[in-house]
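Let us walk through this structure together, going from the overall layout to the aromatic residues and then to the nonpolar cores. Please keep the sequence and the model side by side as you read.

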Amino acid sequence: MPHDDTFRARPGFGYVRTLSQDEELTLLRNHLLRLDPQSRHDRFNGFLDDGFIARYAEKCANDGTIIIAYMENGEVRGAAELHPPEQSPDLLPEIAFSVEASMRRRGVGSVLFKRLISEARWKGYRKLRVTTGAKNQAMRALACKFGAHLVFSHGESTGTIDLRNQPQDELAKLAIDTPFGAMRALLNFNRACWRLVSRMYGLGRAA
């Protein structure tokens with residue numbers, strides 16, 4: 001029976017991992033090309049053609065950009081980009097995110113953000129710069145959730161995230177190659193065990 005790699009939206013069957021340099025060009029490019037017009041506008045702060053997307057993906061594959069991807073059925077459905085600091089005039093590494101419409105409201109953006117922060121810490125970065133379109137409410141909310149202080153200027157919202165103020169999140173490291181469904185099952189199992197132990201030994205009861 002031939003292998004069926006057709007995408008089907010099956011919540012819980014995805015996983016997060018860092019792409020190798022050889023994978024970045026094709027997988028990132030295909031993901032960005034699949035973005036609907038509004039998502040592409042939000043990601044790049046304007047409606048940009050396919051040629052620009054192809055050149056952008058090629059640049060990321062060759063300039064040291066780290067791509068942390070949410071994968072389903074062998075395809076990137078969400079991506080967090082960590083661009084090297086030497087590309088920025090202020091020498092701050094810049095981050096960017098994109099999530100396909102069918103993957104939204106599933107916590108994909110938050111998991112990618114946590115994994116990216118862990119990656120940035122491992123590289124010794126202390127601050128990250130984030131830039132997003134002024135009307136990209138989802139990205140602005142996500143950035144603020146992780147401590148970004150955004151300022152509106154020239155049609156964009158820009159800000160920085162101080163990694164020294166971010167709580168340590170070991171689960172973000174586990175998310176590299178761990179399916180979302182397995183992670184949720186593990187967390188739920190641990191909570192259930194704690195509730196059982198609490199009932200058995202009276203933990204957490206008021207004195």
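A residue is called buried here if its relative accessible area is under 20%, and exposed if that area is over 50%. Please also keep in mind that this is a predicted model. With that cut-off in hand, Phe44 is easy to place: its relative accessibility is 14%, so it counts as buried.

Before we stay with Phe44, a look at the whole chain will help. The chain has 207 residues, and 42% of them count as buried. It contains seven helices and seven strands, and reading along the sequence gives the order β-α-α-α-β-β-β-α-β-α-β-β-α-α. Among the contacts with a separation of 6 or more, 65% are between residues 24 or more positions apart. As for the surface, the chain exposes about 11800 Å², with carbon and sulfur atoms supplying 56% of that area.

Now to the rings. How many aromatic pairs does a search of the whole structure find? There are four. One of them joins Phe44 and Tyr56 edge-to-face, with 5.1 Å from centre to centre and 80° between the planes. This pair links distant parts of the chain, since Phe44 sits in helix H2 and Tyr56 in helix H3 (residues 50-62), twelve residues apart. Tyr56 has a relative accessibility of 14%, so it counts as buried. A second pair brings together Phe97 and Phe113: their ring centres are 4.6 Å apart and their planes lie at 20°, so this pair is stacked. Because Phe97 belongs to strand S4 (residues 94-99) and Phe113 to helix H4 (residues 108-122), the pair ties together parts that are 16 residues apart in sequence. Phe97 is buried at 11% relative accessibility, and Phe113 is buried with a relative accessible area of 0%. Returning to Phe44, ring pairs link it with Phe52 and Tyr56 into a cluster.

Phe44 also has a charged neighbour worth finding in your viewer. Arg43 lies over the face of Phe44, at 4.4 Å from the ring centre. Is Arg43 buried or exposed? Its relative accessibility is 14%, so Arg43 counts as buried. Arg43 is part of helix H2 (residues 37-44). Setting aside residues up to four places away in sequence, Arg43 touches Leu35, Tyr56, Glu81, Ala96, Phe97 and Ser98. Two members of the ring pairs described above, Tyr56 and Phe97, are thus among the residues that Arg43 touches.

Phe97 and Phe113 lead us on to the nonpolar cores. The largest of these has 26 residues, and those with the most contacts inside it are Leu82, Ile95, Phe97, Leu112, Phe113, Leu116 and Leu128. Two or more residues each come from strand S2 (66-72), strand S3 (75-83), S4, H4, strand S5 (127-133) and helix H5 (137-145). Which element gives the most to this core? H4 does, with six residues. Leu116 shows some of these connections: leaving aside neighbours within four places in sequence, it is in contact with Ile68, Ala80, Glu81, Leu82, Ile95, Phe97 and Leu128. Apart from this core lies another, of 15 residues, which includes Leu19, Leu35, Ile53 and Ala57. Leu35, from this other core, is one of the residues that Arg43 touches.

Technical notes:
Residues are numbered from 1 along each chain as its sequence is written. This is a predicted model: local features need pLDDT of at least 70, side-chain atom pairs count only at pLDDT 80 or more; totals for chains, interfaces and linings use all residues. Side-chain values use heavy atoms; hydrogens and water are left out. Helices (H or I, at least four residues) and strands (E, at least two) are DSSP runs, numbered from the N terminus. Buried means under 20% relative accessible area, exposed over 50%, partly exposed in between (1.4 Å probe, protein chains only). Contact means heavy atoms within 4.5 Å. Accessible areas come from the Shrake-Rupley method with a 1.4 Å probe; for residues, only the protein chains shown count as cover. Rings of Phe, Tyr and Trp (its six-membered ring) pair if their centres lie within 6.5 Å; planes under 30 degrees apart count as stacked, over 60 as edge-to-face and the rest as tilted. A charge sits over a ring if NZ of Lys or CZ of Arg is within 6 Å of the ring centre and within 35 degrees of the ring normal. A nonpolar core is a set of buried Ala, Val, Leu, Ile, Met, Phe, Trp, Tyr and Cys residues joined through side-chain atoms within 4.5 Å.
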